[in-house]
Amino acid sequence: MKIVDYASLQVAVTEYLARNQDTTLIARIPTFIQLAEAKFNRQLFVRQMEQRSTALVDSASGAPEFISLPGDFQSMRRVRLSSVTGRPCLEFKSGTQIDEYRFGISDAAGQPRYFTVFGDEIEIAPTPDAAYTIEMVYRRNIPPLAVNDPNWLLLLAPDLYLYGALLESAPYIKEDGRIQTWGLGLTAALNELNNLGLTSTFNAGPMTVRVPGQII
C-alpha cells in the first residue's frame, strides 16, 4: 500500500507493527505520529519550512512597537520594512539591548531599525512613527498531518513519517529490539532530507566574490 495521506500512514504503521488485532495499540498510532512530528520540528531543516509573512504596524494602538508572530512561527530568519524604499532589514538585538536603546533615545518615535523576539510577538525599535509594513521570513513548524491531510512533508518523505511513528511506538509496546532498526531508518531519512535541503538552497548557481563597497 502506498502512503499518500494520514489514513494510509496509520495503516502502514499498523502493518509494520504486525498487531492488526490490537485495537488499543491502533488507537495510539495518531499519538505516535504527533510525537514524531514534534521530533521533526526540532531536527529537520529544509527550505519548505521557510515562510514569508507580512504585518501592518497598528499606529493607532497603545503599543505599536509590538507585532504578533505567525501562529506557526518557530524561529526568525529576517525582518525588514517592505513599505520603505530599499526594503531595509532590521537588525536583531536582545531584549536588554532594545531597552537600553529606547532609554538612550528617550523612546523617541521613528523609523524602526531593530527588532527582538518577545514571547509570541516581535518588538521593534524605535517605536514606529507610521503604519509601516513589516515583512518576516521565518522558520515555521510542520503543518500537523492530523489537520493538514496530506501535508507537504508526507508527500515528500513518507518514509520519514513511517520510521518516526514506528520509533515512537517502540517504548509503548516494549519492543526494545526494534528501536535500533527504526532509529537508523529515521536518522537516515532525516540526514538525507537535510542534505537535500542544503543542496536545493545553496546549489542554485556559482558563488560570487564581492569586494567591499563594490556594487554588482
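Student: What radius of gyration does the protein have, set against that of a compact globule of 216 residues?
Tutor: The model is a predicted one, and its C-alpha atoms fill a box of roughly 70 × 45 × 25 Å along the principal axes. A compact globule of 216 residues would have a radius of gyration near 17 Å, whereas the value for the protein is 23 Å.

Student: In what order do the helices and strands of the protein run from the N terminus on?
Tutor: There are six helices and seven strands to place in the protein. Written from the N terminus on, with α for a helix and β for a strand, the order is α-α-β-β-β-β-α-β-β-β-α-α-α.

Student: Which helix gives the most residues to the largest nonpolar core?
Tutor: That core has 34 residues, and those with the most contacts inside it are Leu 44, Leu 153, Leu 160 and Tyr 161. The elements that give two or more residues to this core are helix 1 (6–17), helix 2 (23–43), helix 4 (152–156), helix 5 (158–173) and helix 6 (176–202). With eight residues, the one that gives the most is helix 5.

Student: Which residues are named in the second, separate core?
Tutor: This second core is separate and has 17 residues. Those it includes are Val 57, Ile 124, Tyr 132 and Tyr 138.

Student: Is Tyr 114 buried or exposed?
Tutor: Tyr 114 lies in strand 5, which covers residues 114–118, and even without its neighbours within four places in sequence it is in contact with several residues, among them Ile 98, Tyr 101 and Ile 124. The cut-off for a buried residue is under 20% relative accessible area. Because the relative accessibility of Tyr 114 is 9%, this residue counts as buried.

Student: Which residue has a side chain in polar contact with the side chain of Tyr 114?
Tutor: The polar contact joins two side chains and has a distance of 3.0 Å. The partner of Tyr 114 in this contact is Arg 113.

Student: Why do the buried residues of helix 3 line one face of the helix?
Tutor: The buried residues of helix 3 (residues 95–104) are Ile 98, Tyr 101 and Arg 102. An α-helix has 3.6 residues a turn, so residues three or four places apart point the same way. On the other side of helix 3, Thr 96, Glu 100, Phe 103 and Gly 104 are exposed. The buried residues line one face because, seen down the axis of helix 3, they fall within an arc of 100 degrees.

Student: Against which strands do the buried residues of helix 3 pack?
Tutor: The residues in question are Ile 98, Tyr 101 and Arg 102. The strands against which they pack are strand 5 and strand 6 (121–125).

Student: Is Ser 106 buried or exposed?
Tutor: Ser 106 lies in the loop between helix 3 and strand 5, and its phi is near 55 degrees, a positive value in a residue other than glycine. A residue counts as exposed when its relative accessible area is over 50%. Because the relative accessible area of Ser 106 is 65%, this residue is exposed.

Student: What is omega for the cis peptide bond that joins Ala 125 and Pro 126?
Tutor: Pro 126 lies in the loop between strand 6 and strand 7 (133–140). A cis peptide bond is also found from Asp 149 to Pro 150, with omega near -10 degrees. For the bond that joins Ala 125 and Pro 126, omega is about -5 degrees.

Key: Residues numbered from 1 in each chain as written. Predicted model: local features only at pLDDT ≥ 70, side-chain atom pairs only at ≥ 80, totals over all residues. Heavy atoms only, no water. Helix = DSSP H or I, 4+ residues; strand = E, 2+ residues; numbered from the N terminus. Buried < 20%, exposed > 50% of the residue type's maximum accessible area, 1.4 Å probe, protein only. Contact = heavy atoms within 4.5 Å. Polar contact = N/O pair within 3.5 Å; in protein donor to acceptor, adjacent residues only side chain to side chain. Core = buried A, V, L, I, M, F, W, Y, C linked by side-chain atoms within 4.5 Å. Rg over C-alpha atoms; globule rule 2.2 N^0.38 Å. Arc of directions from axis to C-beta.
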